[in-house]
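Me: Please pick one part of this model and take me through it closely, side chain by side chain. I'd like the cut-offs spelled out as you go.

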Amino acid sequence: MVEPHKGSAADHAALVAELRASITANTSGETRERLLARLDEMENAAATASFSDHVKALVEEAEADVAALAPFMARLSSLLP
């Protein structure tokens, strides 16, 4: 069995559960579907040599959404008290 990532199975399961809850609570529609699909792919690849590829795919998928807001973060933050 390949062990492509660090941490115990329990750590991995906890991280996936936290990610799933956060995605579900903080996204909707197509974005939610895309991120949950990537998370499912990552979770299913946990004991394979392609695990890191799936982690990268999830991060890149999330970055695409963050990138749209990144130029506005400082301006948005300035609106807060």
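**Arg-34 and its surroundings**

Reply: Let's start with Arg-34, which is partly exposed, at a relative accessible area of 24%. (On this scale, under 20% is buried, over 50% is exposed and partly exposed is in between, with a 1.4 Å probe and protein chains only.) The model is a predicted one, so local features need pLDDT of at least 70 and side-chain atom pairs pLDDT 80 or more, while totals for chains, interfaces and linings use all residues. Numbering runs from 1 along each chain as its sequence is written, and side-chain values use heavy atoms, with hydrogens and water left out.

What does Arg-34 pair with? The side chain of Arg-34 meets that of Asp-65 in a salt bridge, 3.0 Å from N to O. This pair links distant parts of the chain, with Arg-34 in helix α2 and Asp-65 in helix α3, 31 residues apart. (A salt bridge needs a side-chain nitrogen of Lys or Arg within 4 Å of a carboxyl oxygen of Asp or Glu; helices are DSSP runs of H or I, at least four residues, numbered from the N terminus.) Like its partner, Asp-65 is partly exposed, here at 26%. Shared partners join Glu-30, Arg-34, Arg-38, Glu-41, Glu-61 and Asp-65 into one salt-bridge network.

Arg-38, a member of that network, lies in helix α2 and is partly exposed at 29%. Leaving out residues up to four places away in sequence, Arg-38 touches Ala-57, Leu-58 and Glu-61 (contact here is heavy atoms within 4.5 Å). His-54 is 16 residues from Arg-38 along the chain, with 7.2 Å between their C-alpha atoms.

Now back to Asp-65, which also helps line the largest pocket, along with Leu-19, Ser-22, Ile-23, Asn-26, Thr-27, Thr-31, Leu-35, Leu-58, Val-59 and Ala-62. Helices α1 (9-26), α2 (29-44) and α3 (51-69) each give two or more residues to that lining. The pocket's volume is about 260 Å³. (On a 1 Å grid over the protein atoms alone, a pocket is an open set of points where a 1.4 Å probe fits, with protein on both sides within 12 Å along at least five of seven lines, and lining residues have an atom within 4 Å of a point; the volume is the space filled by probe spheres set on the points, which are joined across faces, edges and corners.) The lining splits into six nonpolar residues, four polar and one charged. (Ala, Val, Leu, Ile, Met, Phe, Trp, Tyr, Cys and Pro count as nonpolar, Asp, Glu, Lys and Arg as charged, and the others, Gly among them, as polar.)

Thr-27, from that same lining, sits in the loop between α1 and α2 and is buried at 18%. Its side chain reaches the backbone oxygen of Ile-23 at 2.4 Å. Thr-27 also touches Arg-32 and Leu-35, again not counting residues up to four places away.

There are seven salt bridges in the structure, and two of them involve Arg-20. One joins Arg-20 to Asp-40 at 2.9 Å, N to O, with Arg-20 in helix α1 and Asp-40 in helix α2, 20 residues apart. The other joins Arg-20 to Glu-43, with the closest N and O atoms 2.8 Å apart. Glu-43 lies in α2 and Arg-20 in α1, so this pair ties together parts 23 residues apart in sequence. Arg-20 is partly exposed at 26%, as are Asp-40 at 33% and Glu-43 at 34%.

How values were computed: Polar contact = N/O pair within 3.5 Å; in protein donor to acceptor, adjacent residues only side chain to side chain.
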